[in-house]
Structure formats: C-alpha cells, structure tokens
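Visitor: Please choose one part of this structure and show it to me closely, in unhurried sentences, before leading me on from there to the parts that follow.

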Amino acid sequence: MFVTLTTDFGTRDGYVAAMKGVMLRAAPSVQFIDVTHQVPAQDVMAAAFILRQFVPYAPAGSVHLAVVDPGVGTDRRAIAADVDVGGEVHRFVGPDNGLLALVAGHDDVHAAVELDREELWRTGSPSSTFHGRDIFGPVAAQLATGLPLREVGTPVSDLATLHWPLPHADREGIRGMVLHIDRFGNCLTNITAADIDRARCGRAFKAYAGSAVVTAYQPTYGHVAMGEPVMVFGSSGHLEIAVRGGHAASLLSVERGDPVTLVFETRRTPRVAKAASLA
C-alpha cells in the first residue's frame with residue numbers, strides 16, 4: 001500500500017504536505033516513498049529519467065504519483081495506467097504529457113484511464129493550478145487501497161508520447177548527449193555499454209564533453225587520481241562523465257542537453273612487405 005511521489009514542487013512551500021494530507025484523508029493507512037521533489041521546474045524528461053532509475057526497485061503493486069505538470073489547467077488529460085515493469089505491474093498516476101511514455105514505453109502499458117470520476121476527487125471545485133492535490137493525490141490514495149483501475153475513469157489508448165533522444169554511431173565514434181546531471185555533478189549520457197560494444201570493435205576511445213577531452217575509461221571513480229576526469233558506467237547503466245572528488249558538470253562546463261562525442265582510435269592497416277625477387 002505504497003504511494004511514491006515524484007514532483008518538481010520542492011520542499012520550501014507546503015505543496016507536498018498538502019498533497020500528502022489529502023491522500024491520508026482518503027486512505028489513512030497509505031505509506032509514502034518520496035522519490036524526489038527536486039525535479040527541475042516543469043522538466044518532464046528529468047522526472048522520467050529519475051523514475052526510470054527508481055521504479056524497478058519499488059515494491060510490486062506500488063502506485064507512482066508523478067506530478068511534473070507544465071500543462072496544468074489546460075486540456076491535457078489526467079490519467080492512471082497499469083504498466084509492466086520487469087514482469088511486475090506498477091500503477092502510475094499523473095498528467096498525460098508524455099512522462100509515462102518516457103518511463104515505461106507504450107508497449108508496456110496494460111491499461112490506461114482518464115481520471116474523469118469527479119466524485120473521487122477532493123471535495124469542492126478543483127484548483128486549476130494544483131491537480132496534484134485535488135485530482136491526482138486523492139485518486140492515487142484510493143488506488144493504493146485496492147480500488148480497481150477501471151473504477152477511477154474511462155479507458156483510453158491514445159496516450160501522449162515522448163521519445164528519448166538516441167545516440168548516433170558510425171565507424172569513427174558515437175554522438176550522444178547528457179540526459180541528466182546528478183547531485184554529485186556526474187554527467188549521465190544516453191550512451192549505453194551496448195552502444196559502445198557494437199560500434200568500437202575493441203578499439204580504445206576518448207570522449208569530448210564540455211571543455212574536456214576524457215581519455216580514462218574505468219570500472220569506477222576510484223581508478224583515477226583525485227581531480228581527474230573519467231568515464232564510467234554507473235548504476236543507471238549509462239555512460240557517465242565524472243571527476244573523482246569533484247563536480248564534473250561545473251569543472252568541465254557541461255550542462256544537461258550538451259553533446260558528448262566518443263571518438264574511436266584509428267587502426268592503421270599493417271604494411272605488407274614485398275617479397276624479394278630471386279636473382
């Protein structure tokens with residue numbers, strides 16, 4: 001009976017507390033897992049990236065309430081959906097703005113509904129700017145108590161879609177981008193180990209990112225000296241540009257969305273000696 005919360009509300013104001021209060025009124029025994037409330041304001045892609053790292057480790061059957069909603073008050077729909085995550089069903093509640101598609105992918109959505117059952121919302125007219133408190137929260141709490149998905153809204157199949165930018169590989173290298181910068185300053189790219197293994201054919205490579213050329217490719221941060229940049233594959237499964245003991249994004253002048261280019265070493269064709277002619 002868990003509801004996880006992912007928002008861009010921050011913790012300075014009372015928005016998160018108000019949302020939790022409404023949910024506890026609807027379902028006093030609900031338990032909360034705060035994924036983060038520090039998503040950059042209105043950044044749907046950042047919220048999706050964070051959720052993708054967390055959801056596979058959440059209790060099966062969790063309800064994931066994700067409110068990063070730049071379209072609040074417009075005609076964008078409020079939705080809930082059952083999604084297959086690694087063979088387990090997880091339930092998502094939030095705005096239909098592409099976030100769910102980024103987290104789960106369209107093929108893994110078992111069922112989805114538009115949240116149009118107003119009797120399940122918070123009593124009174126919903127605010128046009130706070131659907132997290134007045135619509136999403138109350139419905140998420142009731143879903144967590146076991147209310148079937150079909151009873152909270154009308155089935156829909158045409159969910160909004162967004163797509164992750166994919167890296168481009170050729171014989172010379174891979175062109176990717178920074179998808180996320182974590183609180184340590186590590187720059188997480190959209191390049192996976194599989195992308196590199198398919199393209200490099202055993203060749204060494206270096207990365208161009210921000211103001212730096214990074215040549216060290218190691219299993220973890222501690223394999224280079226303090227202050228040295230390094231490429232690693234972190235827990236997200238994506239290539240990271242990091243600096244041991246330092247904030248890579250600041251030190252290397254990297255921002256989210258910046259390009260990262262891997263360049264493979266050039267292999268020279270061995271010269272074949274000509275056979276000496278016989279006299």
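Guide: Helices (H or I, at least four residues) and strands (E, at least two) are DSSP runs, numbered from the N terminus. Residues are numbered from 1 along each chain as its sequence is written, and side-chain values use heavy atoms, with hydrogens and water left out. What you see is a predicted model, in which local features need pLDDT of at least 70 and side-chain atom pairs count only at pLDDT 80 or more, while totals for chains, interfaces and linings use all residues.

Let us begin with Asp134, a residue that has its place in helix α4. Asp134 counts as buried, since its relative accessibility is 1% (buried means under 20% relative accessible area, exposed over 50%, partly exposed in between, with a 1.4 Å probe and protein chains only). The side chain of Asp134 makes a polar contact, at 2.6 Å, with the side chain of Arg133 (a pair of N or O atoms within 3.5 Å, one able to donate a hydrogen and the other to accept it, where residues adjacent in sequence count only if both atoms are side-chain atoms). Leaving aside residues up to four places away in sequence, Asp134 touches Trp121, Arg122, Ser125, Pro126 and Ser127, where contact means heavy atoms within 4.5 Å.

From Asp134 we can turn to Ser128, which sits in the loop that runs between β6 (109-114) and α4. With a relative accessible area of 48%, Ser128 is partly exposed, whereas Asp134 is buried. The neighbours that Ser128 touches, again not counting residues up to four places away in sequence, are Val72 and Gly73. Ser128 and Thr74 stand 54 residues apart along the chain, and yet their C-alpha atoms are separated by 8.4 Å.

The strand β6, at the other end of that loop, leads us into a sheet. Seven strands make up this open sheet, in the order β2-β1-β3-β5-β4-β6-β7, and the pairing within it is mixed. The edges are held by β2 (31-36) and β7 (154-155), each of which has a single partner strand, so one side of each is left without a neighbour in the sheet. Further inside that order, strand β1 (residues 2-7) and strand β3 (residues 63-67) run parallel and are joined by five bridges (two strands pair if DSSP finds at least two bridges between them). Within this pair, Thr7 has Val67 of β3 as its bridge partner.

Another element that repays a careful look is helix α2 (residues 44-54), in which eight of the 11 residues are buried, so that the helix is largely enclosed by the rest of the structure. Following the chain through α2, the buried residues are Val44, Ala46, Ala47, Ala48, Phe49, Ile50, Leu51 and Phe54.

Farther along the chain we come to strand β10 (residues 187-192), where Asn190 is found. Asn190 counts as buried, because its relative accessibility is 6%. The side chain of Asn190 has two polar partners in the backbone to follow here: a polar atom of this side chain lies 2.8 Å from the backbone oxygen of Pro165, and the side chain also reaches the backbone nitrogen of Met177 at 2.9 Å. Both of these residues appear among those that Asn190 touches, a group made up of Pro165, Leu166, Pro167, Gly176, Met177, Leu179, Asp195 and His238 once residues up to four places away in sequence are not counted.

The strand β10 also has a partner, for it runs antiparallel to β14 and is joined to that strand by three bridges. Across this pair, Leu188 stands opposite Glu240 in β14. Strand β14 (residues 238-243) is itself mostly covered, with six of its six residues buried. A further antiparallel pairing connects β14 with strand β13 (residues 229-233), over five bridges, and there Val230 has Ala242 of β14 as its bridge partner. The strands β13 and β14 form a hairpin with four residues between them, and in this hairpin Gly237 takes a positive phi near 85 degrees.

To gather up the path: we set out from Asp134 in helix α4, stepped to Ser128 in the loop between β6 and α4, crossed the sheet of seven strands, paused at helix α2 with its eight buried residues, and ended where β14 pairs with β13.
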